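These are my notebook entries on one structure. I set down what I looked up, topic by topic.

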Amino acid sequence: MDQKKFYITTPIYYPSDKLHIGHTYCTVATDVLARYHRLLGEDVMFLTGTDEHGQKIEDKAKEAGVTPKEFVDRIVEGPRGVVDLWKLMNISNDRFIRTTDGYHVQSVQRIFKKLHENGDIYKGTYKGKYCKPCESFWTESQLVDGKCPDCGREVQAAEEEAYFFRLSKYAGRIRDLLENTDFLEPRSRVHEMVRNFIDPGLEDLCVSRTSFSWGVPVDFDPGHVVYVWVDALSNYITALGYENDRYHDYEQGWWPGVNIVGKEIVRFHSIIWPAMLMSLGEPVPKKCFGHGWLLLDGGKMSKSKGNVVDPYILAEQFGVDALRFFLMRTFPFGSDGNFSNELLIQTINTDLANDLGNLVSRTTAMAGKYFGNALPAGCGTWKEPLSFDKELQELAGGLRDRYAAEMDHFAPHKALEEIFKVIQRANKYIDENTPWALAKDMEQNGPRLAHVLYNLLEAARICGILLTPFMPESTEKLFAQIGAGEEARTWDSAARWGALPETAAVLKGENLFPRVDMDKAMEELEAAVEAARQAESGVELEPQLTEKVDFDTFCKSDFRVVKVKACEAVKKSEKLLKFILDDGTGVDRQILSGIHKWYEPEDLVGKTLVAIVNLPPRKMMGHESNGMLISAVHKEKGEEALHLLMVDDAIPAGAKLC
């Protein structure tokens with residue numbers, strides 16, 4: 001019998017030089033589901049990629065002085081780009097599509113032409129409001145306080161010749177799809193779509209643009225480029241070979257598939273995308289699941305708002321598996337969740353270090369100490385099982401089915417809850433049996449002790465199998481430590497208590513998840529974020545001095561506002577400028593400063609600066625300098641940079657800084 005085929009996709013991401021943890025959240029969730037279906041023995045196709053066309057990309061490329069293709073190439077395939085991030089996060093995608101791929105461009109042109117020939121695309125004039133960061137058109141009634149309802153930024157009036165898709169034609173069929181099937185989940189998303197878009201009346205959709213050129217050309221009407229929704233949404237079928245010769249999977253049972261998307265783009269995937277497929281005469285997806293947002297300080301995490309959290313830094317700081325686990329364990333998948341670094345550390349310490357790590361570490365250590373790393377034959381059974389033996393065995397033995405029920409309903413957080421009920425019960429089982437007390441009389445209690453340890457290893461094995469989609473690298477280490485071979489790691493064996501060989505080689509390795517010191521980790525995280533920010537900006541700051549200066553000593557420095565009356569270069573010096581300054585005393589003050597590399601003297605005349613005026617005089621190139629001008633120094637792209645401290649010209653000369 002052929003393997004069951006399972007096709008799952010993430011949305012293709014708009015290239016950004018600041019991928020945030022929200023992107024990682026969606027992709028990790030999709031990866032977990034893909035790995036789960038592979039664990040079931042299904043033939044899985046997992047697709048992700050990048051959406052690379054549009055006005056915003058064209059504008060950013062122009063600002064950067066490169067072509068749009070060069071711009072997206074750098075972000076997608078360059079260092080620390082999208083491809084690198086997915087490798088770092090151990091994303092197991094089978095295919096990666098870029099909307100600039102030639103086969104996709106060819107398919108989109110054919111799809112657009114089909115929609116046009118079917119009478120569902122017509123030419124008109126677009127008038128309305130446009131949000132460039134979101135690349136979305138809005139009507140006046142959809143705006144919130146006159147701004148984009150998605151990102152809250154300013155919109156601009158737009159009017160241009162465009163093609164429109166007859167979305168209104170499919171309103172009835174879309175309503176039926178939403179209300180009378182389980183196509184869209186969670187169910188709350190259905191109510192949002194019907195109330196906000198179907199009930200007010202679906203409007204036809206702008207699907208081409210003429211105000212920019214970076215996009216898929218409409219081959220039968222030069223000057224038009226295919227707008228994002230036909231271009232980007234079509235990737236789910238073009239990546240399978242629809243209307244192209246690159247792949248041949250569309251008719252091989254891969255379509256229809258499951259779309260995992262963020263709630264902000266549910267409208268496009270649950271209304272626009274199905275309507276396009278209906279027009280093409282193709283089946284709609286099996287499922288569209290709209291997950292919630294990760295919130296930061298109460299607001300949506302968004303690259304366009306600037307409040308991003310760098311997944312590279314978090315993964316490097318705490319480990320990829322710990323980050324993957326945290327994202328799936330902490331936030332109910334269909335709802336919003338409040339992200340914080342403190343919560344990440346608490347989750348690592350509570351669930352991974354204290355519960356899972358402790359269970360594996362204690363059990364393998366005792367197996368090594370009391371039995372030389374291999375339990376005796378016959379330890380898997382006990383002639384008169386105690387009540388807590390039965391409780392652990394029954395809880396762990398039924399775990400796989402409870403776990404599968406949650407995973408099949410797109411609830412990975414609940415599946416993890418079921419796993420950790422067993423892990424916590426196993427830790428309690430250690431305290432109930434007190435192995436250290438049994439070990440005091442090995443002749444009398446050795447068989448019972450071996451049985452207790454075997455039960456703990458079995459519970460860890462079953463949990464490890466079901467944790468594999470979430471933490472694939474860590475569970476490999478777990479299996480190695482408890483001696484579980486390939487035959488004891490399968491989906492079938494997860495439902496069978498006793499699949500671990502009784503005499504399996506047990507080896508206490510390194511702690512799977514060491515406990516994290518909260519204060520130290522937060523300091524290191526802050527330093528890493530600052531280092532990354534400086535590396536990105538090319539700015540390197542001088543480290544702060546650790547030597548303390550008492551307050552009285554500080555107060556002896558007399559900082560005064562000074563105005564530049566004259567400034568000239570000092571002869572025979574490449575660095576020095578000589579300033580004649582009004583310091584408010586009525587007597588001119590002369591100060592020399594080695595800043596000619598950064599300033600021309602004529603540019604500084606009339607400026608209002610700050611100086612320390614009570615330094616002892618000193619001679620420089622034969623000239624007396626009475627004080628020092630205040631400036632800020634740093635390194636920018638390896639070069640030293642200096643900026644004089646300039647203040648408001650309204651401040652009078654001689655004013656004291658305090």
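**Aromatic pairs**

I counted the ring pairs first and obtained 27 aromatic pairs. I note here that the model is a predicted one.

I then looked up the pair formed by tyrosine 36 and tyrosine 403. The ring centres are 5.9 Å apart and the planes meet at 70°, so I entered the pair as edge-to-face; the cut-off for that class is an angle over 60 degrees. Tyrosine 36 belongs to helix H1 (residues 21-39) and tyrosine 403 to helix H16 (residues 399-408), so the pair ties together parts that are 367 residues apart in sequence. I found both tyrosine 36 and tyrosine 403 buried.

My next entry is the pair of phenylalanine 112 and phenylalanine 220, which is tilted, with 6.0 Å from centre to centre and 35° between the planes. Phenylalanine 112 sits in helix H5 (residues 102-117), and phenylalanine 220 in the loop between strand E10 (216-217) and strand E11 (225-226); the pair therefore ties together parts that are 108 residues apart in sequence. Which of the two classes, buried or partly exposed, holds for phenylalanine 220? I read 29% relative accessibility for phenylalanine 220, which counts as partly exposed, whereas phenylalanine 112 is buried at 1%.

I also recorded a cluster linked by ring pairs, made up of Tyr25, Phe289, Phe326, Phe331, Phe333, Phe339 and Phe410.

**Isoleucine 111**

I stayed in helix H5 and looked up isoleucine 111, which is found there. Isoleucine 111 is buried, with a relative accessible area of 0%. Setting aside neighbours within four places in sequence, I listed its contacts as Val230, Ser234, Ile237, Thr238, Tyr242 and Leu280. I also took the C-alpha separation of isoleucine 111 and glycine 78: 31 Å, for residues 33 apart along the chain.

**Glutamate 140**

I located glutamate 140 in the loop between strand E5 (136-138) and strand E6 (156-165). Its relative accessibility is 54%, and it counts as exposed. From glutamate 140 to lysine 129 I read 7.1 Å, C-alpha to C-alpha, with their positions 11 residues apart in sequence.

**Backbone entries**

Where are cis peptide bonds found? I entered one from glutamate 185 to proline 186, with omega near -10°, and another joining tryptophan 255 and proline 256, with omega about 5°. Proline 186 is in the loop between strand E7 (184-185) and helix H7 (187-198). Proline 256 is in the loop between helix H10 (250-254) and strand E12 (258-262).

I then turned to positive phi values outside glycine. Lysine 572 has phi of about 70° and lies in the loop between strand E18 (559-569) and strand E19 (577-582); it is exposed, with a relative accessible area of 85%. Methionine 621 has phi near 55° and is placed in the loop between strand E22 (618-620) and strand E23 (623-625); at 47% relative accessibility, methionine 621 counts as partly exposed.

**The chain as a whole**

I closed with the totals. The chain has 22 helices and 26 strands. Its radius of gyration is 33 Å, well over the 26 Å that the globule rule gives for 658 residues, so I entered the chain as more spread out than a compact globule. The C-alpha atoms fill a box of roughly 105 × 80 × 40 Å along the principal axes. I found that 53% of the 658 residues count as buried. Of the contacts between residues at least 6 apart in sequence, 74% join residues at least 24 apart.

Methods. Residues are numbered from 1 along each chain as its sequence is written. This is a predicted model: local features need pLDDT of at least 70, side-chain atom pairs count only at pLDDT 80 or more; totals for chains, interfaces and linings use all residues. Side-chain values use heavy atoms; hydrogens and water are left out. Helices (H or I, at least four residues) and strands (E, at least two) are DSSP runs, numbered from the N terminus. The radius of gyration is taken over C-alpha atoms; the globule rule is 2.2 Å times the number of residues to the power 0.38. Buried means under 20% relative accessible area, exposed over 50%, partly exposed in between (1.4 Å probe, protein chains only). Contact means heavy atoms within 4.5 Å. Rings of Phe, Tyr and Trp (its six-membered ring) pair if their centres lie within 6.5 Å; planes under 30 degrees apart count as stacked, over 60 as edge-to-face and the rest as tilted.
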